[in-house]
Amino acid sequence: MNSVTIQQVMVIARQESAELKHFYIGVEHLLLALTRLKGGVTTEVLDQRGVLGYVLNLLNRDMFGRGDEQRYWPDFRNTDRVEKILDNAHDLIDQGLYPEDRALFMAILDEGDNLPVRIFQELGIDTAALRDSVLSWTGGSRVSAPSVPITVEDPALQLNGDQEKVLREMFPDAGLITVKRALQDGYSGAAVLLVQPTRHKLVYAPVVVKLDDRQSIQYEKLRYDQWVKDILPPTSARIVDEPVILPELTLGGLKYTFVHKQGTDAPVNLREYAAQYGAQNLAEFIHTALYEAFRPYWWGQRQAYHFQVWQEYELLLPPALILEALPLSAATATTRTLHPKGAWSFKGGVPVGEIVILEGFVAQKVKIEQRSLQVSAGAQAGAADRASRIEVRGIDTAHTSYFRGQTIKRLVGRVLRTRDDTLQEQVQALEPNFDILAQALSDPTGKLSLPNPLLHYARLLERWIDGTLSPIHGDLHTGNILIGPAGDAWLIDFEWTRQGHTLFDWAVLEISLLAELLVPLLEDNWDSCWGAIYFLHTLSHHGSIPEDTPSAVLDALRAIRAVRAVAEELLAPNALWSEYYIALAMCAIRVPSWKNRSLTTRRFMFLVSALSMDLARTNNPLDIDIDTIKTATDLRHTSA
Amino acid sequence: MGKLWRKQDYQNRFVFDIISVRKVNVPDSIEIMVMSGPYDGSIHRLTTPHEPSSGYVIGRRDECDLSFPFDRLVSSRHARLFKNDGVWYLEDLGSTNKTFIDKRRADGSFAGRERIEGIHAVAIGQLIQLGRLWIRLQSE
């Protein structure tokens, strides 16, 4: 319903007052605000009598003159009379006088002693008759507050109506909302914006705002409260305000607040930073501002963790199965029952066409329009709970409702596709110049022969790792790392924050940096991708980069080396690099599924996955000849 | 008959005035309600004049008995209010933006505003405008 609350009227009154530099809210400001409403009772009854213009003129004459910059009282106070009127208005609302702007106008008339009423009297308006008109008024539901203007500074950025609505709700007392630019590309569907609210002509520091699906937003706040709140370094982003969720929209909004000096520059994202300050500074930033600053609270809190790869990394892969929903009666006595976290999900062995029963899975994503449902192992934040993912299509959304986090007792379906099918299809889409089912992938010159990820990933999922567990960000790609004006790392997007494999964040970051820094240098063919793989191969095996490397590639690899240096420090005490390369392989193999990424990115990442699997197979601790890494290695040996 | 009355002037020096004994012993008290502006609705009771010889002075300065430092349309010493023989009088002290009173008919309807020049008798309940600021004599 389109209606106005007293709170909204007060916000407008506040703006009116601020415009006049009054900095208090008097009855005159209330009346001004009431006349600003669209379709409100105040405008209507005064207009009927043809006196609206006169009232505003006289109000202007008698109102406290235009104020100056000097303030004579703290804060933005309501006058005693306004407090009294508000009390009465709330009483009238309790007695059933709606909408709220009508009750407020009524309370002003009832008070009888205020400036607007004296003006009505001066104009010869019969206030008793005015009261009657207000009481008998019947235009209730059409009234609405005027909307706050939103300006978008970046011409490439377009906001839709829902996004604007959420933004207005997020900054209820702003007079103007300026969207400076987008901080993320929006590959994930979420918009991360730099927003600057303006209030009483004062321009406030920009705020980072995330607009996303309301369920994700609520989950992020939940995760933030559970995992992040108490373990953030003092300079990072905080979620202070509750997320904004509107009942009529599927979109929600979240505000990140940063502690920094007023009036300083806005934050930039990692890509802009690299372009502006160069790779050397980026490497420095990764090690100092990001790793060193967050380590004591996050990755440094690690403890020994013996796990099977699927427990931490299966969530990155496509669904284990895609089912077509069948009625429960389709199951017979011989039908196989699948349970969450069963070996079937990483070993495969459920053929297309088989009918299966799912028992005790938890709903993760419900897409009502597509009539599809994603279920997985559990409802908790841990990665293992996202394992055993199955997509069920053709569910009956008309008669059954599913919600996120709900445990579904029993589902029956026929297997349409397995994970192998999905992955092969994704690789087929890369227009391969090789047999996608060959055991090994060979580069054009024949120097390198790498295992085919499509055939090896399943065995990798079964591998046991002696790793470590710590609080992790869970989605530490370049878009989620902002750099504050003082060079601090500001992390955002805590939807996947959890206790997880310590190296997870760094594998995600390496893949993301490769995509941002190295891929743009490549040409649109497989040979060029293989060329970049050589560099990565050399870096991984020797820790150094050949001197004849092109400087742009060198810059990109410097950032990668900074990530590897951190990974080296975070390897479990027995220090097998395979721990990191397995993580990297898993993070890379999911990239071909990102349809909105360039073909080159997807091709290159498929090869990165192959290279990482090769490196993981050799399983040797490496002698990396880099000073920073050497120091870290030495430290580890002495402590062990 | 007069008496030396010690008071502080605006520079906090003690000065002496000769005033009538009657006014010293029985300060006439009056309640004033602010009727517009940031203190709309607040009530001030005036009991002891700073300068008993001139009654209660209303203006922008802090030294006034009733001061409105935030309103630039009120003069530093705008008007004075005093009682004589049971009647309250208002005098404009040469203010820039003048002093007005709100005139009403017997039925309470509005009958125009009148600018005050010289000394003018005012009744309890009278609305007074100093510059743009409205006040009202509330009760004695």
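In this predicted model, the buried residues of helix α6 in chain A pack against six listed helices of that chain, set out here with their residue ranges.

| Helix of chain A | Residues |
|---|---|
| α1 | 6–19 |
| α2 | 27–36 |
| α3 | 41–48 |
| α5 | 80–94 |
| α7 | 115–122 |
| α8 | 127–135 |

With those neighbours in view, let's look at α6(A) itself. It covers residues 100–111, 12 residues in total. From the first C-alpha to the last, α6(A) reaches 17 Å, close to the 16 Å expected at 1.5 Å a residue. Nine of its 12 residues are buried, so α6(A) is largely enclosed by the rest of the structure. If you would like to pick them out in your viewer, the buried residues are A:Glu100, A:Asp101, A:Arg102, A:Ala103, A:Leu104, A:Phe105, A:Met106, A:Ala107 and A:Ile108. Burial here means that 20 or more other C-beta atoms lie within 10 Å of the residue's own. After the helix comes A:Gly112, with a positive phi near 75 degrees.

Stepping back to the whole of chain A, there are 21 helices and 24 strands. The chain has 640 residues, and 43% of them are buried. Taking contacts in chain A with a separation of 6 or more, 73% are between residues 24 or more positions apart.

Among the strands, three form an open sheet in the order β11-β22-β23 of chain A, and their pairing is antiparallel. β11 (268–269) and β23 (489–491) of chain A stand at the edges with a single partner strand each, so one side of each has no neighbour in the sheet. In general, strands of a sheet pair through backbone hydrogen bonds, either parallel or antiparallel. Two bridges join β11(A) to strand β22 of chain A, which spans residues 481–483, and the pair runs in the antiparallel sense. To see one of the contacts between strands, look at A:Asn269, whose bridge partner in β22(A) is A:Leu482.

Now for confidence. The predictor assigns the complex an ipTM of 0.79 and a pTM of 0.69. Chain B has a mean pLDDT of 80, with 81% of its residues at 70 or more. Residues 1–5 of chain B have pLDDT below 50, and this stretch has 14 contacts in the model beyond near neighbours in sequence. Residues 15–26 of chain B also fall below 50, with 23 contacts in the model beyond near neighbours in sequence. Where pLDDT is low, the predicted coordinates should not be read in detail.

Conventions
Residues are numbered from 1 along each chain as its sequence is written. Chains are lettered from A and ligands numbered from 1 in the order in which they are written. This is a predicted model: local features need pLDDT of at least 70, side-chain atom pairs count only at pLDDT 80 or more; totals for chains, interfaces and linings use all residues. Two strands pair if DSSP finds at least two bridges between them. Helices (H or I, at least four residues) and strands (E, at least two) are DSSP runs, numbered from the N terminus. The expected span of a helix is 1.5 Å times one less than its number of residues. Two residues are in contact if their C-beta atoms, placed from the backbone, lie within 7 Å. pLDDT is the predictor's confidence in each residue, from 0 to 100.
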